[in-house]
Every structure is written in C-alpha cells, then in structure tokens.
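Colleague: Before I go back to the bench, could you walk me through this model? I'd like to hear about the ligand site and how the parts fit together.

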Amino acid sequence: MALDEIQIGGLGARRKRVEDARFIRGKGNYIDDFKLPGMLHMETLRSPIAHARITSIDTSKAWMTPGVHMVITGDMAAQHNLAWMPTLSYDTQAVLATDKVRFQGQEICCVVADDPYIAKDACEVIVVEYDPLPPIVNPKQALAPGAPIIRDDKAGQTNNICYTWEVGDKENTERVFADESMQVVSQDIFYPRTHPCPIENMAIISDYNSATGKLTIYLTTQAPHIIRTAVALVAELPEHMIRVIAPDLGGGFGNKVPVYPSYVIAILASILLTRPVKWIEDKTGNLISTGYARDMYFHCDAAIRKDGKIQAVRVHADTDNGGFFSDAQPTKFKIGLFHSIFGCYDVPYGYLTAQGHYTNKAPGGVAYRCSFRITESMFFQERFMQTCAYEIGMDQAEFRRVNFIREFPHRTTFGFLVDSGDYDKCLDLALDKIDYDGFKARQDAARKQGRLLGLGLSCMSEPLGAGNSREYDIIGIKMFDSAELRVHPSGKAVLKIGSKTQGQGHETTFAQIVTHELGIPADDILVQHGDTDNTPFGMGTYASRSTPTAGAATAMVARKVRAKAKKLAAHLLEVSEEDVEWELGRFYVRSAPNRGVTITDCAFAAYTNMPDGLEPGLENNAYYDPPNMTWPFDVYVTTVEVDPETGEWDVLKFVGVDDCGVRINPMIVEGQLHGGLAEAFAMAYHQMITFDSQGNCIGSNYMDYMIPTAWETPHFELYEVVTPSPHHPIGCKGIGECGCVGGPAAFVNAVVDAVAHLGVRNIDMPCLSSRVWEAIKYKKDVSGTPPLPGQ
Amino acid sequence: MMAYYREDAKVLSGGMSLIPLMKLRFAAPATIVDLNQIQGLDYIEEAGGYLRIGCLARNRAIVRSELVRSRHPLMSSAAPTISDPVVRNRGTVVGNLTHADPQGDWATVMMCLDGEVVARSTEGERVIPVSQFITGPFSTTLMPNEIAVEVRVPGATNFGEYHKIERKVGDFATVAVGVALQQQGGSVSRVGIGLTGVGPSNIKCYDAERIVSGGGLNENTIQQAAQAAAADSSPRTDHRGSEEYKREMVAVFVRRSLHAAAGIRAA
Amino acid sequence: MPEFRTVQCVVNDEPREAEIEPRLLLVHFIREVLGLTGTHLGCDTTSCGACTVLFDGLPVKSCTVLGVQADGHDIVTVEGLGSPSELSPVQEGFHEEHGLQCGFCTPGMMLTATGFLEENPNPTEEEIRWALSGNNCRCTGYMNIVKAVQWAAKKMATSGISARGARG
Ligand SMILES: Cc1cc2nc3c(=O)[nH]c(=O)nc-3n(C[C@H](O)[C@H](O)[C@H](O)COP(=O)(O)OP(=O)(O)OC[C@H]3O[C@@H](n4cnc5c(N)ncnc54)[C@H](O)[C@@H]3O)c2cc1C
Ligand code: FES
Ligand code: FES
C-alpha cells in the first residue's frame, strides 16, 4: 500500500521546521558566533560627508595604537589592484576611496586589531581631510546644467547618467494615443528609497591558510557560489582553493547578494597577515552603505477606451542609482524586470523608457524581497490603476476585471509569457472576504459623521524564479540551479542544493520534495546548503527563485534516482523493468501488486546486490534550467480609517488571496506571506531613508529607519487559490516576495481612497501622518522626494 | 562620591540614555557611578503632600503604579509612550529628566504637574522646579557634584492625558501634548499644559493654562487655549513632519484633551 | 591600559566569575567571555531587542547594560530556557506555531515573551503585541509569534510548567 504522504512529511504537509531545533536553543551558527584561533577584528572608517575630494589621510596614530595590526587605505588596496571592484551591473565601485568620496558612509580605511573595541579606538584617531563638493541627492539635480560629474573617474563620462533603456512598440503606442476617442490618464509617483535591513548585519571571517593556500570565507551571502567565482576572478585566486561558507543568516531580503568593500578588505587583510580576520558591520554601516532598494520616479500615461479597456500605456522611469551603478540584475535588463508592469492586464500596446542617474547616495539597487525591480513595477501599476479608475469614473474592481487577461499563455505588452492563473476567482474571493459590496455604504455613512474610511485594492502577477538561462544571468553566469541527492544504503538521504536559506526553511521544504518523489520520510532526509565545497553550483536564494529553480532541480534529481531504483527493483523482483510500477515509497509488479520492494530495499541493493552491468550506488545530480518564469497571482485588499484632524491611519482589515500554485508546505508559505506583508506595511506606513540637501542620510539607524513592531503591524487574513505552474515539475510558483511586492499599493491605495473625494490622487510613501494631513488640509497630492525640506 | 570624582564622572541610573551615547562614542566618562548599587532609591510613595519618585524608580513601575494613576493620571498616560516595554524595565523618570533630551517626555509631564527635582550633594540638598531645572537641550541646572535623588509632584490632579504622535513604539515624539487638570464641581482649580518635540526643549504653556484656570472649561476657552498653546510652540520641519503640521497638532491635542476633560465634568 | 574589574553573577543558574574591562557591554560579556552566543546583536540604538536577556527575571537589552552591572545579579539567556531534555513552553510554542524564520530575533523575542508570561500568564492578543513591541522581527510579520506566545500560555495553564520551563 502506498504511504500516506502527509504523514511522512511530503508535499502539502504542514511540517514543523527542522531548523528550529538549533535556533530556539540559541545554537544557531551565525558568523559572529564563530571564533577561529588567532582571529583578528576589523573595523571600517566611513566618510561623514556625501561628496568631497580627499586631500589627505593620516593613519599614523592608528598604526601606533597598541593592539593594531594593520591599517589599510585605498592606496594600499591599489597596490594589490583592489582599490576598485566590478559591480553586478558592469560598472566599477570604489573599495576604499582614493580620489573622492561619493556618498555619506563610503568606506575610507579599515583597521585590523586584536579586538573590535581597539579597532574602533584606532578608527577614531585617523585624520581625513576633505575638500567638499556640492552633493546631488536626486536625478533632477544630477541632470541640472553645471552639476558636478560624480563619476569623473570614468573615461568619457561627461554627465551623471548611468544607463538608458527602452522596450516596447513606440510607433503603435503613439498611434493609439493620437486617437481622440481615447481618454488619457497620466500620473507621476515616487517610490522612495528603502533598505532591506535584515536584523543581522553583514559579516565576514576570512581565513587564509598560508601553508595550504586555501582561502576559507565565512560570509553573510545569499549566493555563496557566485561569490566564490567573483572572488576568484577579481582577486585572481585559483577557484578550487576558495571555499565560501554561508552559515546561518539572520535574514537577507536581497541585502546579502552583493560583494561589499569591507569583505574585499577583510580578505586582503587575512592574506597579508596570514591570520583569520573578522568584520562585523554595525547597523549604521548597514543602513548607510549597503544595498538599498527602489528610489524610482515613475511617469505613466494610459489611453483608455470608453468601456474601460486600456489600449496603450506609455511608461517612463528615472532611477537614482547612487554613486556606483551596482544593481544586482540580469545583464540584458538595465532596470531589472521593471517591464513586467501591466503583466496581469491585457494591454495591446506599450512603450517603456528608463534612465539611471549617479547621485551622492549609497549604491545598491538590490532586489529587496523582489525579482529585480518588480516591486516598483507592481506598485506603480496598482497605484496607477486606482487613479485611472477614479478618472474614468469606474469601480476599482470592475476596472481591473475589464482589463484582466483570461487566456493563457498570454504574451504581455513588454514581452513576458504569462502561463497560468485564475484571476477572477482570486479577486472574487478577496472582495467577498472584505465585504467589498457593503463598503461603499459604510464609507459614505462614515463621511457624513466626519470620519474617513478607505479601501485599497492591489492585484498583480509577477514573474518569479529566474532564469531561463537564455535571458537571465548574473555577471554572465546563467540563472539555473542545482541539486545533488545521495541515498545511503539504509535508505536515509542527503540532499545538497545550490541555493541558500536565510530563514525560508529550505532544510524543511526541500526534503518534502524528495519525500514526494521517493517516499523517503522527510525526517530521514538531511538538506545541506551554503558551503561551496559541499554543494553543487547554484545561483543562490533571492528573487523567489529557490523553489522554482533549486526546488525543480530537487524533483528532477529525485526522479533520476527513482529511475535507477526502478532498475534495482526489477532486479530484486526478478521481472523486467517494464513490468514494474511505482506508488509512493514502493515498486511493485504490475500483474501482482502484492509483490513489491520499498525504496529502502532498493537503496540497500544499490550497495549490496546490484545486477550485472549496473553501476553501484544510488545518487545523482541535476541542473535545472526553467523554461519560463513562474507566475503567481495575488490580490491584496485592505480597509483603513484615517483621522481627519491628525492624518494618522489604522488598518481595519487586511485580506490576501494568493495563488502560488502547489504549496509544498502551507505553513511556510503563510509565514513567508506574513513577513512580506509586514515589510509592505512598513514601507507604506513609516519606513524611510531620505537625504537632506547636504546629502546626509536620514534613516541610518533603527531610531529613524523604522522597523514596525508587533504593535503597529496589522493582522493579515490569508486565503489560497491553486493553479499549478504548467512547467514546474511539481507545479509550484514563487511566493517569498509576493506580499512585499503587491502589499504596498494596497495600503497606499486605501489611504488615498479615504481622501480621494477631496481630489487627492497621490501621497508618496511612507504615508506619514503629516503627509496625509497635508493632503487633507490642502486637498492636494503630497510629494516625498528628496532632499528633505527645511534643513 | 560625586564630590570626589567631579567633572569626569557620570551617574548611571537606567543607563538607557547614557550607555547608547557611550556606544556611539559621544560620551566616554572616566568614571561611572552606578546608582543601582544603592538600596532603597526605587520608591514611589506619597509623603508630605507630594507624590515622590525615587531616582531608581523605573518607567516600568510608573506604568503599573495604582498610586500614580490615582494621584496624577497624566503620568500614567505618558509612561507607556516612553521608549518600549523592555527599555522601560531599566529607564528611570529621574534619569530621563537629568538627561534633558529635547524630545524627552517626562520633563513635559513634570512641567504640567509642577514637579520638582530634589538634588543632593555633600553640601546639602536643594529643590529645583522642573521648569527651572531644564535649561536647554541636554543641559540642566544640576551641579557636577550633585545627584538628583528624587522628583516629586505636589497634590493631585483628577484628569490627565498625554497625546503623542510617534511613528512606532520606541520612537521619540513627532509632537506630544500633556494636559492635567484638577476639577471640582464645574471649576478648574489646577491646570497644566505642556509640549514635547515642538521646540528646542520642553515647553510649558503658561498662556493656555491661564485661559483655562481663569475661564474654566467651555468651548470658547478650549479653542483659545488650543490656539495659545500652538502659538507657544516653535517646531522645525524635519523628516517627522512640517512645522505647520506640528503646530496644528498642538492645537488639535490640547483641544481633544480639554474636550475630554469637559466631558468628564459634564458626566 | 584599561583596568579590569571582577564580576560575579549567576548565569542560567550557574555562578560565573570573570575579570572584565569596565566598558565591556553585557552582551559582549555574555557572548565573548562566557561563550553563550545565543544572545545576538542587531543594532546600535537599543531598538531591536535581539540582545534581550532576563536580568533578575525582567527582560533587558543587554547591549545597553555594562557587563560590570551584572555583578551580584541573576541573568538568564536563551541557553537557560528549558532543560537539555525538554523545551520550555515558549520554545515549544515558537516551534509549533512557526514563530521563527531566520532565528536571529528569536532568542530575544523568546526571553521577552518568557518574562511577560511570568507576569501575565493569560494574555490577550493585544497585550502580547504590546509586550513584544520592544523587539523587532524582520521575517515573520509577528502573526505566528503572537500565536506562539498564545500556545505557550495554554501549555503553561494545562501543564503547570513555568514559562522558562521545568528546571533541573
Ligand atoms: C529605544 C529607546 C527609545 C526611547 N524613547 C524615549 C521616548 O520616547 N521618550 C523619552 O522621553 N525617552 C525615551 N528614551 C530614553 C529613555 O526613557 C531613557 O531611559 C531615559 O531618558 C534616561 O533614563 P535612564 O534612567 O536610563 O538614565 P541614564 O541613561 O542612566 O542617564 C541619563 C543621563 O542622566 C544622568 N543621570 C542619571 N541619573 C542621574 C541622577 N540620579 N542624578 C544625576 N544625574 C543622573 C546620567 O549621567 C546621564 O547623563 C528612549 C530610550 C531608548 C533606548
Ligand atoms: S542589539 Fe539592538 S537592542 Fe540590543
Ligand atoms: S525570525 Fe528573522 S528576524 Fe525574526
């Protein structure tokens, strides 16, 4: 009899996490928990100003501080050809500033000492002299006539533009806009700079063994294999002598994808000093210098037919990329997958242009809980859809419904292939749960009493799970992923994957995939990840890609193993392979179902009793190159009440309906959604990094960059719809980021809806009470673009 | 003890302001005098017509004190808005006053309630009204050889509300307004109105207090008091909000509290 | 050269003694000197609560207490919850209700929850959310953390075990 899949922890089981055992006992292994013999500690000195020429750096007092082993400046790094490094967007980035500082918080020197307190003491006595330059904190300033050229280090760079990009059908789009029967709606919206900001900051221990020549790097990275290759290429070290270990990570959210300057210097220091060097970043360092996200200016025009059907869109985006263009994204796409915009709507024609700008702000452009700038596209899409509905006088839900795609596969206006979904079902369920039909009456009644209620809706389908390898790569390395499975003689198994958990629970869910394919109980499968010497090459975990890619590879390798086990089963059952059938955990003879062998029997036979001509052992590997992205669909709808006198607002109810295909572990899916939605709420509510006119970063610590607590964070009510991915081996779609991508528009739409009757169409995030108050008082849109007023 | 160490010593009570400054290396005192080692300084008691708060009484204890709630509800209203539940387990009222953060909440509350700091040195003891104790951002009239041993509040009030706009738990005030009243029969015998976060340091609204104590609580005096308090504020535009917004919020909250107080009286 | 001071305290029921620099923070004393790395450090501004330990039974942020202040006091870290063989109700609740993801905030979150449940063993959702509002979690959105604390409260009520778990 086949096994009960849920009972053994297979597909669909709400299996409790195996990771928990160590974390709840305080036995996790985060980088700061490692202590190597002879280990030294590094601290980084950062620039207090945003834009200046460095005239001198005096490190003599630091060198004389007792306990200091080394002080590294940009000039020293230059001697090793490491003053600059390549970025993930084919630009260069200063490792330690030699010529200029280009943002507040930029790395200038590193001190290596016996303990971190001494390293910090020594940083304080380094004297750096600056010759200040005018700071630039937004694209408009970057383009202004006479603006200083931030990247004067780059030959031929005569302005502050770092890229331009376009996609779509310009001619036909313009033709539609010229049609006078169309109603044209336009809007400008700013998506402010945010920061992923995991609670654990960046950390590294670099351990160079001069006797063996082996370099072992313990690193807070979401993509250890890419780091290994990057280190090999940049530092010109032999790749087989580099081992990158990403142990337990205290969150990542995209922040732990790039290579940061202090990593490079810690590696250099450990090689020069032939001792392990540890660097633990502080929160200010994290917020002020590491990969930010968003910071995008959006303009859109839509040409809409009388019946509410959008006929064409014209989109322009300006990005603020900071001092170095270092977005983490596939080579072909200069603005990530921003062109996924309007992916769930049937828009016949579209034309999209984008331009990037150097400014005196930290570089980054990381995919903060999103597939490369999808968060921006979905936010703008759903904010703009709301505005269009207001302007053409159509109901919010109806307007979306009229424009939904219903036939799959569907080629979107900017070229993606959306392959599955049931949008109406998701929307109906969400609207029912929030009592959409009753809301209008409640809103009107409340208004009569001077109270402001609003409802915000956000629908989106985002492409998750890059590649395929034809289109998607990171610095030329194609975006596939991998898995390796070994079944031991006793039937217990070890799965090694190329991706890397930062809290998503890979050790739990990836075992469940193997269980589903082989019937080995999940508790008998150990999942390993995050150590490049012990796992196959993979691109890491970000962009909701682990389940779509490494998860698929896991299913595929289990199938390869099962195919071999089948040969062993035929041998054990003394029948030909064609006569053997499979049910979960067991092969049996088709004509005599009672005659069977378990997968454990086959595993034992693989080492003890293999047929002639069959290779011993039961293991294999798989590299999976997905044919397409996966296309989850999500509807988020929320109601809020705004205090008309103070602008403060509270969430009354939040409903989410998510279709992420087959759910491997529903408990973990819900946990991912809760986390993503909390971050969405944070961005809409109060989470903010901004800059004053001097380029000072406001929001460089947790007192100003606000992580919501349990108190502010609303209750999330979640429901599911399942349309399996047509190409993923077990029908899964990405989910880790959906809440964070689709959520912000729902909250902002609700706040704007509460005041829309005053003519308000936009309040830039975060919807601080002061901004909402201003919108109410002056009956106008409120901008939140830097520089901050009044400083 | 402080007489011996003088200038380069710092008193430590809750440490929730001093240690963050040391971590950021804004302060590096040569010597720290830890009051936590002294027994019996954590009292909250009533004696001689005063509610007395010892210098080691934690914010945690204020939140939970029935005595405080019954004597000065404004204190019970403000305490839960100060820092977060874990920080309140260490941070003290007196440490908050001596720290004199321009965004600090306790100084506003104490100005509303005519609180006084009791300072002690080897030369003796003196009592300083909080309105004279705070002289500006991070500065007080405490002498280097003095320790603030107590803050005390006279009499009682039967209405008190602290309205604070904060972006999240643990945030300092964008704007905060404290209002305390003692009402008997329809007359107001005592009133305190104070503001946080809308000036270079805490503000006591003498004009608004005078309007209410002179004219009692009616729609007219309430509107006037709200305008007077707003006029007393001198906020700055920053990332928390505009000058105009903050000024307007002062008026809104003074009005809301006085309305609530008037409602209580009517009931 | 900095002078050193002796600290004697009880950590997780065991007496400990060490010579430390007066400026050493309690969190570093716990992690580096005592080698108990379950207590984490997440911020510079006493905001995140990743460093929360019980100090004489009350949750405090150990990044904002000096190591020397522990002298004569009782400290409980995550390693002192439950016993080697048995999880405390709070630990069990976090596991059962998926109250953790990356696990970085979890020790601090559990210690705050433990201190809170000792004081209020039968809390409402609102009381739980308020009590935990000095601790940040970036992963979970708090939904399941709240459920974890509710689970622990129920377990305490039915088993009579304290939030910190059966000792010995
Ligand atoms: C995350 C966080 C959020 C916060 N939010 C707020 C807030 O919203 N509102 C607010 O008002 N505060 C806030 N605070 C500050 C908190 O309330 C502090 O605890 C308080 O301001 C200082 O009290 P303390 O007992 O910790 O003082 P300590 O840090 O011990 O001392 C502060 C200063 O006063 C001196 N001092 C202390 N006691 C005495 C004494 N008895 N005699 C003489 N001098 C003394 C010290 O030398 C030091 O200079 C916050 C703190 C944190 C960490
Ligand atoms: S480390 Fe963040 S509060 Fe202590
Ligand atoms: S579980 Fe990651 S921060 Fe809470």
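Modeller: Here come some questions and answers on the ligand, then on the domains and chains. This is a predicted model, where local features need pLDDT of at least 70, side-chain atom pairs count only at pLDDT 80 or more, and totals for chains, interfaces and linings use all residues. Residues are numbered from 1 along each chain as its sequence is written, chains are lettered from A and ligands numbered from 1 in the order in which they are written, and side-chain values use heavy atoms, with hydrogens and water left out.

Colleague: Which chains surround ligand 1?

Modeller: The shell has 34 residues (near means a heavy atom within 4 Å). Those that come nearest are Val11(B), Gly15(B), Leu18(B), Thr92(B) and Asp105(B). Still, the site is shared between chains, because the residues around ligand 1 come from chains A, B and C.

Colleague: What is the distance from an oxygen atom of ligand 1 to a backbone N or O atom of Gly14(B)?

Modeller: Think of polar contacts here, pairs of N or O atoms within 3.5 Å; within protein, one must be able to donate a hydrogen and the other to accept it, and residues adjacent in sequence count only if both atoms are side-chain atoms. The side chain of Lys10(B) puts an N or O atom 3.2 Å from a ligand 1 oxygen, and the side chain of Thr98(B) has one at 2.9 Å. For the backbone of Gly14(B), the value is 2.8 Å.

Colleague: How much of ligand 1 does the protein bury?

Modeller: Accessible areas come from the Shrake-Rupley method with a 1.4 Å probe; for residues, only the protein chains shown count as cover. Taken alone, ligand 1 exposes 960 Å². The share buried by the protein is 95%.

Colleague: Which element gives the most residues to the shell around ligand 1?

Modeller: Helices (H or I, at least four residues) and strands (E, at least two) are DSSP runs, numbered from the N terminus. Elements giving two or more residues are β1 (9–12), α6 (93–99) and β9 (147–154) of chain B. With five residues, the top contributor is α6(B).

Colleague: What area is buried between the two domains of chain B?

Modeller: An automatic or database assignment sets the domain bounds, giving domain 1 (2–34 + 41–154) and domain 2 (159–262) in chain B. Their C-alpha centres are 23 Å apart, and the contact (heavy atoms within 4.5 Å) takes 28 residues from domain 1 and 29 residues from domain 2. Buried area is the accessible area (1.4 Å probe) that two parts lose on being put together, summed over both. Carbon and sulfur atoms give 54% of it, and the total is about 2000 Å².

Colleague: Which residues of chain B lose the most area to chain C?

Modeller: Chain B and chain C each put 24 residues into their contact. About 2000 Å² is buried between them, 59% of it on carbon and sulfur atoms. On the chain B side, 29% of the buried area comes from Lys23(B), Val86(B) and Arg90(B).

Colleague: In domain 2 of chain A, which residues lose the most area to domain 4 of chain A?

Modeller: The C-alpha centres of these domains lie 40 Å apart, with 16 residues of domain 2 in contact with 18 residues of domain 4. Together they bury about 1300 Å². On the domain 2 side, 36% is down to Ser89(A), Phe103(A) and Gln104(A).
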